[in-house]
Amino acid sequence: MDFENLIIEIQSTPTDNEFSKRGLTYVAVANRDKENDKEVNLIVLSTAEESKTIKYKFNKDSVFTYRIVSLNDLNADDIMTTVESKIKEGLKIETKELILYALIPIIVSKDIEKYIKRIVHNLLQVKNVTDSIKNLSYGIEWLIVDKFIENNEDRQILCDLL
């Protein structure tokens with residue numbers, strides 16, 4: 001992203017100390033890059049936990065903090081209605097709206113393949129957003145396609161579109 005390096009982890013199981021150690025490692029590795037002058041953050045998108053902030057104490061003086069955002073708190077119908085009407089009308093879509101839109105198949109968790117195809121089709125119609133945000137939403141959807149589309153040919157077609 002333009003102002004930070006954001007590491008996004010999608011979890012379908014609760015986080016624990018082992019997860020926190022792994023998350024800390026991600027952030028530490030990204031922070032070692034001498035050319036990286038942006039803040040590095042981790043956010044967990046979860047279907048297994050409520051939204052909260054985790055403070056993992058990894059030694060007596062240091063605490064690693066990250067946020068968990070519960071996807072269960074989101075209203076998929078509202079997100080789809082808002083974003084799809086903005087696409088149709090050519091209106092500006094906010095960053096958060098587009099990212100949440102790309103996550104719709106996971107938020108809904110039923111008929112995932114049907115939602116994936118709908119989201120991919122509509123993401124390709126999006127205008128009036130920065131390339132970095134468009135690419136982030138494409139990347140999120142690409143990962144969802146790769147994980148949840150079982151038919152190899154369908155998966156390849158959708159991934160190629162993104």
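**A tour of the sheet, the salt bridges and a surface patch**

Begin by selecting residues 39-46 and 62-70: these are strand 2 and strand 4, which run parallel and are joined by four bridges. The model is a predicted one. Within this pair, pick Val44, which stands opposite Ile68 in strand 4.

Now widen the view to the whole sheet. It is open, with four strands in the order 1-2-4-3 and mixed pairing. Select 4-11 and 52-59 to see its edges, strand 1 and strand 3, each of which pairs on one side only. From one strand to the next, the twist averages 30°.

Next come the salt bridges, of which there are five. Select Arg22 and Glu9, whose closest N and O atoms are 2.8 Å apart. Arg22 is in helix 1 (residues 17-31) and Glu9 in strand 1, so this salt bridge ties together parts 13 residues apart in sequence. Arg22 is partly exposed, at 34% relative accessible area, whereas Glu9 is buried, at 13%.

Move to Arg118 and Glu84, which meet in a salt bridge at 2.7 Å, N to O. Arg118 belongs to helix 5 (residues 112-123) and Glu84 to helix 2 (residues 76-89); the two are 34 residues apart.

Stay on helix 2 and select Lys86, which forms a salt bridge with Glu97 at 2.9 Å between the closest N and O atoms. Glu97 lies in helix 3 (residues 95-102), so the pair ties together parts eleven residues apart in sequence. Lys86 counts as buried, at 17% relative accessibility.

Finish at the surface with Leu124, Ile157 and Leu161, a nonpolar patch with about 240 Å² of accessible area together. Ile157 sits in helix 7 (residues 152-161) and is partly exposed, at 46% relative accessible area.

Methods
Residues numbered from 1 in each chain as written. Predicted model: local features only at pLDDT ≥ 70, side-chain atom pairs only at ≥ 80, totals over all residues. Heavy atoms only, no water. Pairing = 2+ DSSP bridges. Axes fitted to C-alpha atoms, helices over the stretch in contact; angles between N-to-C directions. Patch = residues over 30% accessible without salt bridge, like charges linked within 9 Å, V, L, I, M, F, W, Y side chains within 5 Å. Areas by Shrake-Rupley, 256 points an atom, 1.4 Å probe, with all protein chains shown as cover. Salt bridge = Lys/Arg side-chain N within 4 Å of Asp/Glu carboxyl O. Buried < 20%, exposed > 50% of the residue type's maximum accessible area, 1.4 Å probe, protein only.
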